[in-house]
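This report considers one protein model and some of its local features. Please look at the sequence and the structure before reading on.

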Amino acid sequence: MENCTKEHKVRLLPMGDSCWLVQFDQEISPEINGKVHALAATLAQGQQRWLREIVPTYCALAVYYDPLQIDAHDVECYLWAELSLLKEGRHTLSLTWEVPVLYGGEWGPDLAPLALRSGMKPDEVIALHAGKTYHLYMLGFVPGFCYLGKVPARIAAPRHAKPRKAVPAGSIGIAGEQTGIYPIEAPGGWQIIGRTPVTLYDPRWEPPALMRPGDRVRFRPIDLTTYHIWSQKSKSGWRLAPVEGTSSSDSEGHQRRFTNYRSRYGALWASGLGDARCRRDGHLFIASSQPAGRQ
């Protein structure tokens, strides 16, 4: 259940009787993470009835399916087919967000200790943290928590040995080479260096999280007065808007994707089945798409 491409190695690992784990190279990389989310987007667009949930992480994707509707081998074949097409074209949607942050003080209690440990002044830490654009790798461990990376090596810092019982919503933290945003109050051990007044998660929204994996985030230092102004705006229901956004799709289109499945896997299609609309019927596709050598 392993396939090596020129650039990356991919493995499919069974996780019980209703889940496959698609595991890419185990490293924090925007390129690998992009493949994870491209596959997630492709599966979501497929709208297969047997697909229950897809859970993307830094470098892996968990695919949950209904074993009463489809068996594990058919899902495996389907995933290999989708993976083969990721090398040729990907659907991407990425927005850039500029998040206002009040650094230090009671809003960032770990800023001064982190600066001291790094041999820098707090302003230098702020300049480094706010001086680059971060890739949003994934959401978790609480709803909407943004895992971003990587911070400059000079300000990378370990988690606290003893986590705080409650980290306020909007807190900006550092853990290793990651930086993250707490969307809600939660326990946590990250080094808290600031706080944003912007609401990033609201269960009444659809979707509830403001940002999505694959987005880009940069931080903008603000003063206390601005913090209170933005805080009041957020409480009144105002939402942060992206400052940049791009959307692109596979220029070859859905029909080409369908055709590629057929040719790459040597499927024996019945006459008249080469219609892209048939692609939505997962069982029809899978029953005809056993890869060469596995039929």
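The text below treats confidence, then a group of strands, then one helix.

This is a predicted model, in which local features need pLDDT of at least 70 and side-chain atom pairs count only at pLDDT 80 or more, while totals for chains, interfaces and linings use all residues. Residues are numbered from 1 along each chain as its sequence is written, and side-chain values use heavy atoms, with hydrogens and water left out.

The predictor's confidence in each residue, from 0 to 100, is called pLDDT. The protein averages a pLDDT of 82, and 78% of the residues score at least 70. Over residues 247-295, pLDDT stays under 50. Where pLDDT is low, the predicted coordinates should not be read in detail.

Helices (H or I, at least four residues) and strands (E, at least two) are DSSP runs, numbered from the N terminus. Two strands pair if DSSP finds at least two bridges between them. The table lists pairings that involve strand 7 or strand 8.

| Pair | Sense | Bridges | One bridge between residues |
|---|---|---|---|
| Strand 7 and strand 8 | antiparallel | four bridges | methionine 138 and tyrosine 147 |
| Strand 8 and strand 11 | antiparallel | four bridges | glycine 149 and glutamine 178 |
| Strand 7 and strand 14 | antiparallel | two bridges | tyrosine 134 and valine 217 |

Strand 7 and strand 8 form a hairpin with six residues between the strands, where glycine 140 takes a positive phi near 150 degrees.

Is strand 8 (residues 146-149) buried or exposed? Both of its faces are covered: Cys146 and Leu148 on one side, and Tyr147 and Gly149 on the other, are all buried. Here buried means under 20% relative accessible area, with a 1.4 Å probe and protein chains only. Strand 7 is mostly covered, with five of its six residues buried.

Helix 2 (residues 72-86) has 15 residues and reaches 21 Å from its first C-alpha to its last, close to the expected 21 Å. The expected span is 1.5 Å times one less than the number of residues. Because 13 of its 15 residues are buried, helix 2 is largely enclosed by the rest of the structure. At the start of helix 2, a side-chain oxygen of aspartate 71 reaches to within 3.2 Å of the backbone nitrogen of histidine 73.

Key: Buried < 20%, exposed > 50% of the residue type's maximum accessible area, 1.4 Å probe, protein only. Contact = heavy atoms within 4.5 Å. Polar contact = N/O pair within 3.5 Å; in protein donor to acceptor, adjacent residues only side chain to side chain.
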